[in-house]
Structures are given as structure tokens and as C-alpha cells.
Amino acid sequence: MEKYKLIGPIKQLVSLEKAHSKGAIKDEDLVVTEDAGIIIKNEQVYATGLFSDLKKKAQELNAEIIELDTEYVCTPGFIDAHTHICFSGSRANDYAMRNGGKSYLEIAAAGGGIWDTVTQTRKADLQTLTDGVIKRADALLAKGITTIEAKSGYGLSIEEELKMLRAIKKAESTTTADLISTCLAAHILPKDFDGNHKAYLEEISTTLFPILKEENLTNRIDAFVEEGAFLPDHIYPYFEKATAMGFDITVHADQFNAGGSEVAVKVGAVSADHLEASSDQEIKILAQSDVVSVALPGASIGLGCDFTPARKILDQGGALAIASDWNPGSAPMGELLIQACILGTFQKLSNAEVLAGITYRAANALNLTDRGRISSGMLADFNLFPTNHFNEIFYHQGKVLPSQVWKRGQLVFQK
Ligand code: NIG
Ligand code: FE
């Protein structure tokens, strides 16, 4: 049965309805509706406009009217398009060693690095991993993140990658946020694999890919293209197979050395993520493509590295999304809004560009067309912030949190 609700009046509705997908955006370009309302029909937005106008419509529709008695700014629900929230263990020791001046190799020799998390994650059972994903997803939801991408990549064998992806799927049925899973079996060559990079990727694509389809575990394949992980020559045939089977491709690209972004463009990936090491050449080819560039400021903060050249990407006409990369190694903080605001200050991004990066441009990075903006037909995913101007949200760099989070037309968090 159809169920309508009208919510308002909202001091500022930042719907992003008409904001463009690529290139720079000025705050003045945002269409902000003052004293607005939103009519929800079941899970979706039915109409937006002035609250006073929508009231009449609401009566005709026999809608429940939810009157707000304080000033709120309404944004689309945030989307974290790149996380590794399925993991076990801590890498606090890596962090301390890194800040003490130890190199990547010294940390790995001391038992740290990605392989440490693989070891810990393999020890955890399905339910423990599932509980961890639910706990982290719920924490994100309370901060207004209504869609969360979550990768495997700490299993690195057929069974262990399946365990991770099954945990994410299981968590999806419990948490209110939408989880979008990605297979990152091509994270590093597992130490215990008896063979080279090529043989490992061959085994994954031949054995794991069909099971991913059968069990409907994911429609996205990721790879870490980097020296010490997988090189372009390893990864082209792997991505070709994935594409032929109908998977979307995403790439950990140009984190320490350039190379991955070119792969992303050549294979028609939906996104190229990291890009801290991208030069003008890579920025240009990305901007001319349909690949969404995803900045991961949490990894720059966690590792003490340069930020992704977000300003240049936008000025060249590229599409820029911003995600947290939440993982136990390079980005343990897991705070999307704080990190997006910090990237904004260092890269001189407008508030509109920051907001776009964690809403509809992040949806584009996940190939999702039903969210990220507040307009008729979109999912009714939105946040109400206790303030009277959207600038305040970014100015406070993540300290102002939503008082209400709405997901698929339901109030799912309130404080
Ligand atoms: O996105 N760059 C590769 N992978 C992760 C880090 C994973 C880890 O350190 O555990 C990243 O930063
Ligand atoms: Fe990552």
C-alpha cells in the first residue's frame, strides 16, 4: 500500500538536484530551497518544494505530516564509496612504528602490514566478522552515511574471501545502511600461495568469480595496482575476465606510484581510488574519461602522505568523489565527514564540491543512480543537521552531526 509522509519546514534543503557530475562547482551554483518540505512515498522521494505548497498536496494524498519545530539543514544521505570495514585485529603497532620512522619493509618484517590483518581476519569466524561489519556500519549510519561500500581483501584465498563477502552480505540483512560489497582478492599476493601473481589471479578468476555470481555476493571487482602488489601486466587479463562476466571494475590506483589510473581508464572502470601519486598526465586522462576519481583523505592522514590532487582533478573537469578508506592499516579513523572537510581545506574545495563528493558523485563511483540527490524518484535517504546554513556543516569539520538520519523513507537515527 502507498504511504505518504510530509516532512518540514526545513530551513535549507540542499537537494543537489541539478548539480553536475563532472568538474568544479561553486557554492553559488547550488540550488538551496529555504523553508522547504519533502514528501516521501514509501521508500522514495515523491516531491520537494516549499513546505507551504507541499502541505496542500499532502492533504490530497492523505499524508502523515511531520512538522519540525527547530531549524534544520537537509542534505542527501552520505555515501562512503570505499571502505574495508570487514576486518579483525588492530595495526596500532604499525602506526607507532611508522611514526617512529620505520619503513614499510621494516614494518612488514616485524609482522605488520596487510598480511597481519589477513592473519587476524582468517582467524575470525563468520559471525565475528559479521558483527564487526554491523558495528562499524551502524556507527557510520549514526553520522549520516546511509550507503557504505565494503571490500573483502583480507582473506586472500577462495574460502577466506568467500567468508568475508558472506559476512558483508549477512551484515547487510541486519544493518539499516545499504552495504555495497566489492571483491578485493587482488589486494596482495598471499604469502602462502604456491605460485606467482599470474597463477593466483588465474585461480581467483576461474574459481572464485563464478561463486560470487552464484551466491550473489558482489558485482564489483577491485585490485591494488602498485609495485609490491599487482602490476598492470598482471591485472589486465584479470579485469578482462571480470568485465566479460559482467562485473564492474574499480581500482586502487596511483597510491604510491602512478600506473593504476591508466589501467582504470583502459578497462573502463567505474572508479579509480587513491590517486595521491597522480601527476598532471594521469589527472588529464582521468578527467577525459568516465572514470570517477575517488580521493581517500583518511589514508593520507593515516600514513602522513600527500593528499590526492583533488583541486586539479576538478579544474581539469574530472569527477571527484571522497571516501574514508576505513581500514585497520592506512586509514583507521573512519570519519568520512571530518576527512572530507580536511581535504577541502588543504585542496581548496568549495563546500559544494565536498558535499558532492560524499553524495551523488560517490553514488556515481558505485554506479548507483537511485541516490545521492533529493529529488522525485530517488531513495528517501537524507540527513537533518541542527543548524541554519549548510556552510556551518563544513566549517565545523565534522563536529556538527545529523540530529535525524532518514533511510529509505524511515527515521532510522535520532539524537
Ligand atoms: O586502501 N592500498 C591498499 N589497501 C588499503 C590498505 C590496506 C591495509 O593497509 O590494510 C588502502 O589503503
Ligand atoms: Fe582501500
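Is His84 buried or exposed? In this predicted model, His84 has a relative accessibility of 2% and therefore counts as buried, since the cut-off for that class is under 20%. The residue belongs to a metal site. The iron ion (ligand 2) has as its protein donors His82 (NE2), His84 (NE2), His252 (NE2) and Asp325 (OD), which lie 2.1 to 2.3 Å from the ion. Along the sequence, these donor residues follow the spacing H-x1-H-x167-H-x72-D. Within this set, His84 and Asp325 link distant parts of the chain, being 241 residues apart. His84 is placed in the loop between β6 (78-80) and α2, and Asp325 in the loop between β13 (320-322) and α13 (336-347). Asp325 is likewise buried, because its relative accessible area of 1% falls under the 20% limit.

Pockets were examined next. The largest pocket encloses about 790 Å³ of space. Its lining comprises 35 residues, and those nearest the centre of the pocket are Tyr104, Gly113, Ile114, Phe224 and Phe256. At least two lining residues are contributed by each of α2 (92-99), α3 (104-109) and α4 (114-123), with α3 providing the largest share, 3 residues. By residue class, the lining of the largest pocket consists of 13 nonpolar, 14 polar and 8 charged residues.

The second largest pocket has a volume of about 250 Å³. Residues that line this pocket include Ile168, Lys169 and Glu172, together with Leu179, Ile180 and Ser181; Leu212, Lys213 and Asn216 are also among them. Helices α6 (158-172) and α7 (197-214) and strand β8 (178-186) each supply at least two residues of this lining. Its composition is 5 nonpolar, 4 polar and 3 charged residues.

Several features of the backbone were also identified. The peptide bond from Gly8 to Pro9 is cis, with omega near -10 degrees, and Pro9 lies in strand β1 (residues 4-14). Positive phi values occur at Leu275, near 65 degrees, and at Arg408, about 50 degrees, neither of which is a glycine. Leu275 is located in the loop between β11 (271-274) and α10 (280-287), whereas Arg408 is found in the loop between β15 (404-407) and β16 (410-414). The two residues also differ in accessibility: Leu275, at 0% relative accessibility, counts as buried, while Arg408, with a relative accessible area of 25%, is partly exposed. The latter value lies between the limits of 20% and 50%, and Arg408 is therefore assigned to the intermediate class.

Notes:
Residues numbered from 1 in each chain as written. Chains lettered and ligands numbered in written order. Predicted model: local features only at pLDDT ≥ 70, side-chain atom pairs only at ≥ 80, totals over all residues. Heavy atoms only, no water. 1 Å grid on protein atoms, 1.4 Å probe; cavity = no way out; pocket = protein on both sides within 12 Å on 5 of 7 lines; lining within 4 Å. Points joined across faces, edges and corners; volume = space filled by probe spheres on them. Helix = DSSP H or I, 4+ residues; strand = E, 2+ residues; numbered from the N terminus. Nonpolar A, V, L, I, M, F, W, Y, C, P; charged D, E, K, R; others polar. Donors = N, O, S within 2.8 Å, 3.2 Å for Na, K, Ca; no water. Buried < 20%, exposed > 50% of the residue type's maximum accessible area, 1.4 Å probe, protein only.
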